[in-house]
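User: Could you give me a close look at the side-chain pairs in this model, along with any unusual backbone geometry? I'd like one connected account rather than a list.

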Amino acid sequence: HQAIEEGVLIRIKPGLYCLAVRPPPSFIAANYLLDPSYISLESALSYHRIIPENVYTITSVTPKPSKKINRLNREFSYHKINRQLYFGYSNVLIGGTSVLMAEKEKAVLDYIYFVVQGLRKINQRSNFSKLDKERLKTYAFTFKNVLKGRKSVAFSNLLRSLKLI
């Protein structure tokens, strides 16, 4: 407790601390703050240069309930996704440490999933030109099977209107 009070250590979460002078990169912290989770949505879209904006809030998806956590002078936002849709991420090396990050195709589909739920709006400046269309179609098939009724139709229609399928 004394090291925290003196500002030497920062508590990331119960049982996990870092040196105040060397906090972990935000994406690494995001993976540790809520497990399981992987970086997706705006953060992954920005990382993969699908959207031109840099984002302040670190966004992740998780099969756990949605929540926001403020740590390390950042906001970390976790969004609940259906457990059957918790796939399509891999390890990327950031600052010499492995981070769980959505593949670019999965980040796009995660985002569209939340658009269909009414929780996001399509970024008109998105650049989908570097996506692997076959991977996108394979992943989209799983989304369409998980979404039911009107949401499945809305998901497919949105993919078509964005010329993704």
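Analyst: Happy to. In what follows, helices and strands are DSSP runs numbered from the N terminus, where a helix (H or I) has at least four residues and a strand (E) at least two. Please keep in mind throughout that this is a predicted model.

Let's begin with the backbone. Lys163 belongs to the segment after helix 6, which spans 149-161. Its phi is near 60°, a positive value in a residue other than glycine. With a relative accessibility of 67%, Lys163 counts as exposed. A positive phi also turns up at Leu41, where the angle is near 50°. Leu41 is part of helix 3, and at 0% relative accessibility it counts as buried. Then there is the peptide bond from Asp35 to Pro36, which is cis, with omega near 5°. Pro36 is placed in the loop between helix 2 and strand 3 (38-39). These spots catch the eye because most residues other than glycine have a negative phi, and most peptide bonds are trans.

Now for the charged pairs. The structure contains six salt bridges. One of them joins Arg120 to Glu42, with the closest N and O atoms 2.6 Å apart. Glu42 sits in helix 3 (residues 41-47) and Arg120 in the loop between helix 4 (104-116) and helix 5 (133-146), so this bridge ties together parts that are 78 residues apart in sequence. Both partners, Arg120 and Glu42, are buried.

The loop between helix 4 and helix 5 also supplies Arg125, whose side chain meets that of Glu53 in a salt bridge at 3.1 Å, N to O. Glu53 comes from the loop between helix 3 and strand 4 (58-62), so here the parts tied together are 72 residues apart in sequence. Are these two buried or exposed? Arg125 counts as exposed, because its relative accessibility is 54%, while Glu53, at 26%, counts as partly exposed.

Glu53 also leads us back to helix 3, where Ser46 is found. Setting aside its neighbours within four places in sequence, Ser46 is in contact with Ile51, Glu53, Asn54 and Val55. Ser46 counts as buried, at 14% relative accessibility.

Another salt bridge pairs Arg135 with Glu103, the closest N and O atoms being 3.8 Å apart. Arg135 lies in helix 5 and Glu103 in the loop between strand 8 (97-102) and helix 4, so the bridge connects parts that are 32 residues apart in sequence. Arg135 counts as partly exposed at 34% relative accessibility, whereas Glu103 is buried, with 17%. Glu103, Glu105 and Arg135 are joined into one network by salt bridges that share partners.

On to the rings. A search of the whole structure gives nine aromatic pairs. Among them is the edge-to-face pair of Phe27 and Tyr47, at 6.2 Å centre to centre with 65° between the planes. Phe27 lies in helix 2 (residues 26-33) and Tyr47 in helix 3, so this pair ties together parts that are 20 residues apart in sequence. Phe27 counts as buried at 15% relative accessibility, and Tyr47 is partly exposed at 33%.

Phe87 and Phe143 make a tilted pair, because their planes meet at 55° with the ring centres 6.4 Å apart. This pair links distant parts of the chain, 56 residues apart: Phe87 is in the loop between strand 6 (74-80) and strand 7 (89-94), and Phe143 is in helix 5. Phe143 counts as buried, at 0% relative accessibility. Ring pairs also gather Phe87, Tyr113, Phe114, Tyr139, Phe143 and Phe155 into a cluster.

Charges meet rings here too. The charged end of Lys106 sits over the ring of Phe87, 4.8 Å from the ring centre. Likewise, the charged end of Arg74 is placed over the ring of Tyr56, 4.8 Å from its centre.

Finally, a look at the surface: Val8, Leu19 and Val21 form a nonpolar patch there, with about 300 Å² of accessible area together. Val8 is in the loop between helix 1 (2-5) and strand 1 (9-13), and it is partly exposed, with a relative accessible area of 42%.

Note on methods:
Residues numbered from 1 in each chain as written. Predicted model: local features only at pLDDT ≥ 70, side-chain atom pairs only at ≥ 80, totals over all residues. Heavy atoms only, no water. Salt bridge = Lys/Arg side-chain N within 4 Å of Asp/Glu carboxyl O. Buried < 20%, exposed > 50% of the residue type's maximum accessible area, 1.4 Å probe, protein only. Patch = residues over 30% accessible without salt bridge, like charges linked within 9 Å, V, L, I, M, F, W, Y side chains within 5 Å. Areas by Shrake-Rupley, 256 points an atom, 1.4 Å probe, with all protein chains shown as cover. Phe/Tyr/Trp six-rings, centres within 6.5 Å; stacked < 30°, edge-to-face > 60°. Lys NZ or Arg CZ within 6 Å of the ring centre and 35° of its normal. Contact = heavy atoms within 4.5 Å.
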